Amino acid sequence: MPTFKILFAAFMCLAGPVLAQDADLGRAHYQTHCATCHGLEGMGNGPMAGALIQKPVNLTELTIQNGGKFPLERVVKRIDGRDPLVSHGSPMPVYGDYFEGVLDVPIKTPTGRVVQTSQPVVDLVAYLLDIQRIE
């Protein structure tokens, strides 16, 4: 297991309620809500990618593109809609209502900052962590 995943897992254990994260549920959320644009493998090459004004990012390289640190807070806020991105004439995610939910689940960033979000976002982030490439 890559070192950043081990460190992140240790930070997550300190967060208490975040232990309820489920990467398998996150994978199901991803396949239902994200793969159309980001592709089945998360590489930004989904069937709708060509129709978007802004090409979907390669989700497997979020850690690489952020200097070796998974950008947890930015990812959470992008998914739950607090950091909107217009990629096809409407905000990303197009399934924002599903992920917005009640922001009642705390998730701790590696710096110790706590971010409130919904359980589907916590699960989706767990899956995104699983698919990160380190080089």
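Beyond its neighbours within four places in sequence, His29 is in contact with Cys34, Tyr98, Phe99, Pro120 and Asp123. The model in which these contacts occur is a predicted one. His29 itself belongs to helix H2, which spans residues 23–33. Its relative accessibility is 11%, so His29 counts as buried.

Helix H2 also holds a charged pair. Arg27 and Asp24 both lie in this helix, 3 residues apart, which is about one turn. Their side chains meet in a salt bridge, with an N to O distance of 3.4 Å. The two partners fall into separate accessibility classes: Arg27 counts as partly exposed because its relative accessibility is 33%, whereas Asp24, at 54%, counts as exposed.

Helix H4, made up of residues 72–79, can be read in terms of its buried positions. Leu72, Glu73, Val75, Val76 and Ile79 are buried in this helix. Viewed down the axis of H4, these buried residues fall within an arc of 165°, so they line one face of the helix. After H4 comes Gly81, and the phi angle of Gly81 is positive, near 95°.

One of the buried residues of H4, Glu73, also takes part in a salt bridge. The side chain of Glu73 meets that of Lys77 at 3.0 Å, N to O. Both residues lie in H4, 4 residues apart, again about one turn of the helix. Lys77 has a relative accessibility of 24% and therefore counts as partly exposed. The pair does not stand alone, for salt bridges that share partners join Glu73, Lys77 and Arg113 into one network.

A further salt bridge links the side chains of Glu61 and Arg133, at 2.4 Å from N to O. Glu61 is located in the loop between helix H3 (35–38) and H4, while Arg133 is in the segment after helix H6 (119–130), so this pair ties together parts that are 72 residues apart in sequence. With a relative accessibility of 19%, Glu61 counts as buried, the limit for that class being under 20%. Arg133, at 33%, counts as partly exposed.

In total, the structure holds 6 salt bridges. Among them are the pair Arg27 and Asp24, the pair Lys77 and Glu73, and the pair Glu61 and Arg133. The first of these pairs lies in helix H2 and the second in helix H4, whereas Glu61 and Arg133 tie together parts that are 72 residues apart in sequence.

Methods
Residues are numbered from 1 along each chain as its sequence is written. This is a predicted model: local features need pLDDT of at least 70, side-chain atom pairs count only at pLDDT 80 or more; totals for chains, interfaces and linings use all residues. Side-chain values use heavy atoms; hydrogens and water are left out. Helices (H or I, at least four residues) and strands (E, at least two) are DSSP runs, numbered from the N terminus. Buried means under 20% relative accessible area, exposed over 50%, partly exposed in between (1.4 Å probe, protein chains only). Contact means heavy atoms within 4.5 Å. The arc is that of the directions from the helix axis to the C-beta atoms. A salt bridge is a side-chain nitrogen of Lys or Arg within 4 Å of a carboxyl oxygen of Asp or Glu.
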